[in-house]
Each structure stands twice: as structure tokens, then as C-alpha cells.
Amino acid sequence: MKTIKIITSLIILSMLGNTAFAQNGVEKINYNGFVELSDSLKSYRKKRLINEATFNTFRQEPKTIILDTRSKSAFDEIHIQGAIHINFSDFTKDKLEAIIPDKTIRILIYCNNNFESKKTSLLDKNVRLALNIPTFINLYGYEYKNIFELKGYLKEDETIIPLITNEKK
């Protein structure tokens with residue numbers, strides 16, 4: 001009897017396919033759409049990679065924010081001075097608009113892979129999975145176009161970009 005239930009469940013799952021749908025039949029997960037958006041942004045993102053000096057200059061200018069999308073605990077341990085925090089997993093249209101109501105504002109982004117550090121909150125992520133990439137794509141997908149991404153690998157104790165550190169006890 002248990003085997004029949006398992007087989008029936010597998011048949012039903014295979015009939016539904018691998019696209020997730022809400023109860024009303026509206027597609028809620030679109031892998032191909034994400035890949036298409038990502039591919040369309042390759043050259044745009046490349047033009048928006050900025051070096052340490054430019055990032056440091058931009059961060060001090062009006063109508064600019066620094067967005068840190070790492071975990072709250074990582075942000076609390078160390079972050080760029082003046083950065084605002086929203087965990088990447090909390091990105092929704094409403095939450096982003098509450099934090100960044102002006103879609104034309106300049107947004108600077110960075111992640112662990114921009115800094116060489118011994119702090120656990122800045123340890124390198126897999127290069128292909130660095131948080132800069134999905135953050136850039138998602139911000140653009142939510143219609144924020146004025147995004148700039150820190151380029152390079154900077155030593156925590158040598159960068160001109162001021163970092164705020166809260167030592168863990």
C-alpha cells in the first residue's frame with residue numbers, strides 16, 4: 001500500500017512538471033526568465049564595475065547609498081561605513097521600496113569577495129556564487145538601474161574605504 005502511494009505521488013509530481021505554480025495557476029518561479037535577465041545584463045554590469053577609488057568617491061556623494069545584502073550577523077560584525085542593510089533573502093518590491101523609494105538613486109554594492117579578511121563574516125564565497133551578482137540582477141529586475149558594483153579584492157586593513165567593525169565577544 002505504501003509503495004502504491006509513493007508511486008502515485010511521483011506520477012502526480014511528474015505530471016505537474018518542475019515549474020512552481022500558485023494555487024490559482026499563476027507561475028511563481030521562472031528560471032528561464034532569470035537566466036534571460038542575467039544574460040541581458042552582462043555588458044551593462046561590466047560597465048558598472050568600479051574600482052576602490054571610484055567607489056570611495058561615489059559613497060561620499062549625495063543621492064548615493066551603499067547597500068549591504070549579506071546576513072545581519074555579517075553586517076553587524078563588519079560593513080562599509082554608511083552602508084544600509086537588507087538581507088538578500090528579504091528582497092521584495094515592497095521592502096526595497098520602503099528602504100530605497102527613489103529608483104534613480106545611485107546604489108553601491110559589495111560582498112565578502114571584495115575583501116581579504118580573517119573575519120568570518122568576510123570569508124570568501126565561491127567565486128561563481130558571490131553575492132554581488134544576484135544582488136545586481138535582482139536590483140535591476142526590481143527596476144533599480146543606477147547600480148555600481150565594487151570591483152577588486154581589497155585587504156581589510158589597507159583599503160581606503162572605511163569599514164566599521166564590531167568585535168565579537
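1. Five aromatic pairs are found when the whole structure, a predicted model, is searched. In one of these pairs, the ring centres of Tyr110 and Phe115 lie 6.0 Å apart and the ring planes meet at 85°, so the arrangement is edge-to-face; the cut-off for that label is an angle over 60 degrees. Tyr110 and Phe115 are both buried. A further aromatic grouping is a single cluster formed by Tyr44, Phe136 and Tyr140.

2. The next point concerns the nonpolar cores. The largest core holds 16 residues, and the members that touch the most others are Phe55, Ile66, Ile80, Leu108, Tyr110, Phe115 and Leu150. Two or more residues of this core come from each of α4 (52-59), β3 (78-80) and β7. There is also a second, separate core of 15 residues, with Ile65, Leu67, Leu96 and Leu139 among them.

3. Which residues does Leu150 contact, leaving aside neighbours within four places in sequence? Leu150 is in contact with Ile50, Asn51, Glu52, Phe55, Ile109, Tyr110, Asn114, Phe115, Asn132 and Ile161. The list includes Tyr110 and Phe115, the two residues of the edge-to-face pair.

4. Helix α7 spans residues 132-141, and its buried residues are Asn132, Thr135, Phe136, Ile137, Asn138 and Leu139. The elements covering these buried residues include α2 (31-40), α3 (42-47), β2 (64-68), α6 (93-99), β5 and β7 (147-150). For the student reading along the helix, a general rule is useful: an α-helix has 3.6 residues a turn, so residues three or four places apart point the same way. Just after α7, Glu143 adopts a positive phi of about 80°.

5. The largest pocket has a volume of about 230 Å³. Its lining is made up of Asn30, Gly33, Phe34, Leu37, Ile137, Asn138, Gly141 and Tyr142. Helices α2 and α7 are the elements that each give two or more residues to this lining. By character, the lining residues divide into four nonpolar, four polar and no charged. Ile137 and Asn138 thus appear in two places in this note: in the pocket lining and among the buried residues of α7.

6. Is Asn112 buried or exposed? Asn112 lies in the loop between β5 (106-109) and β6 (115-116). Its relative accessible area is 6%, which means that Asn112 is buried, the cut-off being under 20%. Not counting residues up to four places away in sequence, Asn112 touches Arg70, Ser121, Leu122, Leu123, Asp124 and Lys125.

How values were computed
Residues are numbered from 1 along each chain as its sequence is written. This is a predicted model: local features need pLDDT of at least 70, side-chain atom pairs count only at pLDDT 80 or more; totals for chains, interfaces and linings use all residues. Side-chain values use heavy atoms; hydrogens and water are left out. Helices (H or I, at least four residues) and strands (E, at least two) are DSSP runs, numbered from the N terminus. Buried means under 20% relative accessible area, exposed over 50%, partly exposed in between (1.4 Å probe, protein chains only). Contact means heavy atoms within 4.5 Å. A nonpolar core is a set of buried Ala, Val, Leu, Ile, Met, Phe, Trp, Tyr and Cys residues joined through side-chain atoms within 4.5 Å. On a 1 Å grid over the protein atoms alone, a cavity is a set of points where a 1.4 Å probe fits but cannot get out, and a pocket is an open set with protein on both sides within 12 Å along at least five of seven lines; lining residues have an atom within 4 Å of a point. Grid points are joined across faces, edges and corners, and a volume is the space filled by probe spheres set on the points. Ala, Val, Leu, Ile, Met, Phe, Trp, Tyr, Cys and Pro count as nonpolar, Asp, Glu, Lys and Arg as charged, and the others, Gly among them, as polar. Rings of Phe, Tyr and Trp (its six-membered ring) pair if their centres lie within 6.5 Å; planes under 30 degrees apart count as stacked, over 60 as edge-to-face and the rest as tilted.
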